[in-house]
There are 2 protein chains.
Amino acid sequence: MREELREELREDDYELLARLAHRYYVDERTQEEIAHEFALSRPKVQRLLDRARRSGVVAIHIQAPPGLRLELESQLRETFGLSDAIVCSARTDPQAEREAVAQRAARYLERRLHDGCVVAVSHGRTAGAVPRFFRPASRLDVTFVSAMGGSPGIDAPTNPNEICRALAAGCGGQAVSLYAPAYVESVEIRDQLLAQEAIAGSLDRAAQATVALVGIGGTDDGCTMVRSGCLTTSEIAWLRSQGAVGDVLGNYVDTEGRPIASPHQDRLLALTVDHLRRIGTVVAVVSEPEKPRAILGVLRVGVISVLVVDEGNARAVLDLVAHEPARGGAAGSGRRASQREV
Amino acid sequence: MREELREELREDDYELLARLAHRYYVDERTQEEIAHEFALSRPKVQRLLDRARRSGVVAIHIQAPPGLRLELESQLRETFGLSDAIVCSARTDPQAEREAVAQRAARYLERRLHDGCVVAVSHGRTAGAVPRFFRPASRLDVTFVSAMGGSPGIDAPTNPNEICRALAAGCGGQAVSLYAPAYVESVEIRDQLLAQEAIAGSLDRAAQATVALVGIGGTDDGCTMVRSGCLTTSEIAWLRSQGAVGDVLGNYVDTEGRPIASPHQDRLLALTVDHLRRIGTVVAVVSEPEKPRAILGVLRVGVISVLVVDEGNARAVLDLVAHEPARGGAAGSGRRASQREV
DNA sequence: GTCAACCGTGAGCAAATGCTCACCAATGCA
DNA sequence: TGCATTGGTGAGCATTTGCTCACGGTTGAC
């Protein structure tokens, strides 16, 4: 919005703007002082300074550490209404990339968590890498609760209970495990399990969390939900055929963020999208390459508030949005790139 | 003061500062919003942004038109307590240089003058070039009054009366002439002249001015006061021997800005330094090359509030101050250059 | 172990800033 | 010529910002 082309300035105006801007930004005079000096009214000085900024006479440059992609982050925030976005610069090694993302997520949690917080935790390889880097400066009285059941089919450190335990150990907090599988073979069994106090209680605590740490899953045959045995390859293929592009906590959505009603849903022991919606801060960590469509779909659900992601996926997601034909006004690849010019 | 070396930052701090700065300066969030996003207190965000600025993470660059020497101007303002300084970029031709200075002075007056102003005007070649460029956008009801008498020995356009007339013509204002010579041969004659209502009245109006436009004279044999016949070369030599480095309205001062008591003073028909002191805005225009010592002395009198000067003199004056042994702390050439680092 | 000195912190306030709005002058149009 | 429109202007107010100050927790010396 309010995109302003670098307007053409008359030479005299240019000089005045530069003079005012120098006085304001370099010499740090107040607008009132400057107004007095130049025999202008204060609001006029304000307007001129505004113009100086918009016309590019004043250039504010943020000297970011290499590897920080602040521009991308801002675009993600704006495009998806996130309250925060953290992008890690591209690395060749997927393993290193995952660690970089996990480290940033850990730093974010260190900043964000404070005594009394309750954090709901999903499964996932990237989420599983977070605890290794989670070392708050001081002890934190935080409770980590599994937001979904476990799966024997995948590495232990990728399971929610394990992630909770490790995170709690990292800060001296508490871990609340969910002693149930992520996925069972019938609705009846799930309902029986949900009737268990131990299980319902844990899930309920997760639902009451103020923060959630979640991964974003894809719909390819090698995705976590398949590797963990929650879904078969034919089931994931069926979901794909229904338009599913990704999931959060086993809740599949299409590219528009609409839920995919599926029979598998009812055999899942995890928080629902509505649960997540009620949790103030939902932090999603993603690093697996080539997940942009999954990310796009899940972001559009509108429950994610913070995204920690690698640079490749970040760019890819924004590209998807920019090239989409049907949505929003004036698509085309150039639009997004010129959003900010300062 | 408060010179801050670019402090060394830890990598994490660096990242946080860059992130905050980007959010604040590029995305234009308020400090409060940022504080909330980063789970910090508002004052803390403020301090961090402060640090970001001082440590150079935020670089504010003013894209000045070529030939604008804003840095020099700020140094002049600070060094001599001027309310404004305008420096014109160096040109090879002294004539072109004078015109450039005069043009800037004219622009300044156009901005500064408003209906009802009374401007006291001295003689001088540079001051004489001002009217040619003085073309306010709209009619101005301003009165220009000679602040010293005339001299038949110099070009007409260099005489105060003539400058007043031309300035008044330029804006549709009034000119009040001083019908007296700048310099007479005895104190008695001067006193007689001062007793004349026409003369005393004009000088009095000049003394009541709210703005003054003055030149700064040197003490070489070719200075305006000698060329105009006000002083002989032996008189100016005597003044030099007394330490005089320059004058304003015929009032000679030494390099410290102290007045030089001289017998010639009493034969002068012009405003005194004390008169000038009571005039709110005294604009000095100087462009003759190699006048830095004259400028230095006159600026130190403390009556000049605005200096319009060529780049060569501006640098030379600041160099003189920087290399002075006796005054202020920690002299040496490097000091001034490092005053501002942003 | 105790005490003093010292950051770093956030509350609270004063100043500075951004913004809205009503007004005026200049311009264009009938 | 009169009238409507537009662009720019400064008054006044709400918000944002910078700053002071008292407090608490930590460090380091004795």
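This short talk goes through a predicted model of two protein chains with two DNA strands, starting from the symmetry and ending at the sheets.

A word on conventions. Residues are numbered from 1 along each chain as its sequence is written, and chains are lettered from A, with ligands numbered from 1, in the order in which they are written. Because the model is predicted, local features need pLDDT of at least 70 and side-chain atom pairs count only at pLDDT 80 or more, while totals for chains, interfaces and linings use all residues; side-chain values use heavy atoms, with hydrogens and water left out.

First, the two copies. How is chain B superposed on chain A? A rotation of 180 degrees does it, with 0.1 Å of shift along the axis and an RMSD of 0.1 Å. That is the relation of a two-fold axis. The superposition is by least squares on the C-alpha atoms of residues with pLDDT of at least 70 in both copies. Within chain B, the residue that comes closest to the rotation axis is Ile60(B), its C-alpha at 2.2 Å. Both copies use the same surface: 98% of the contact residues of chain B recur in chain A, where contact means heavy atoms within 4.5 Å.

Now the DNA, beginning with strand D. Which residues are around DNA strand D? From chain A they are Ser41(A), Pro43(A), Lys44(A) and Arg47(A); from chain B, Tyr24(B), Thr30(B), Gln31(B), Arg42(B) and Gln46(B). A residue is near a strand here if one of its heavy atoms lies within 4 Å of it. Of the atoms of DNA strand D that come within 4 Å of the protein, 49% belong to sugar and phosphate.

Three side chains of chain B can be looked at one by one; a polar contact is a pair of N or O atoms within 3.5 Å, and within protein one must be able to donate a hydrogen and the other to accept it, with residues adjacent in sequence counting only if both atoms are side-chain atoms. Gln46(B) has a polar side-chain atom 2.3 Å from a phosphate oxygen of DNA strand D. For Gln31(B), the distance to a phosphate oxygen of that strand is 2.7 Å. Arg42(B) instead reaches a base oxygen, at 2.8 Å. The elements giving two or more residues to this surface are helix H3 (42-54) of chain A and helix H3 (42-54) of chain B. H3(A) has the largest share, three residues. Helices (H or I, at least four residues) and strands (E, at least two) are DSSP runs, numbered from the N terminus.

On to DNA strand C. The residues around it are Tyr24(A), Thr30(A), Gln31(A), Arg42(A) and Gln46(A), along with Ser41(B), Pro43(B), Lys44(B) and Arg47(B). Sugar and phosphate make up 51% of the atoms of DNA strand C within 4 Å of the protein. Lys44(B) places a polar side-chain atom 2.5 Å from a phosphate oxygen of DNA strand C, and Gln31(A) places one 2.8 Å from a phosphate oxygen of that strand. What does the side chain of Arg47(B) come to? An N or O atom of this side chain is 2.7 Å from a base nitrogen of DNA strand C. On this side H3(B) gives the most to the surface, with three residues.

Last, the sheets. Chain A has an open sheet of seven strands in the order E2-E10-E9-E6-E3-E4-E5, with parallel pairing. Its edge strands, each pairing on one side only, are E2 (84-88) and E5 (174-176). From one strand to the next the twist averages 15 degrees. Two strands pair if DSSP finds at least two bridges between them; E3 (118-121) and E6 (211-215) of chain A pair over three. In that pair Ala120(A) stands opposite Ala212(A). Helix H4 (70-80) of chain A packs on the sheet, touching E2 and E10 (306-310), at about 145 degrees to the direction of E2(A). Axes are lines fitted to C-alpha atoms, for helices over the stretch in contact, and angles run from 0 to 180 degrees between N-to-C directions.

In chain B, an open sheet of seven strands has the order E2-E10-E9-E6-E3-E4-E5, with parallel pairing. Five bridges join E2(B) to E10 (306-310) of chain B, and Ile86(B) stands opposite Val308(B). Helix H14 (311-323) of chain B lies across E2 and E10, running at about 110 degrees to E10(B).
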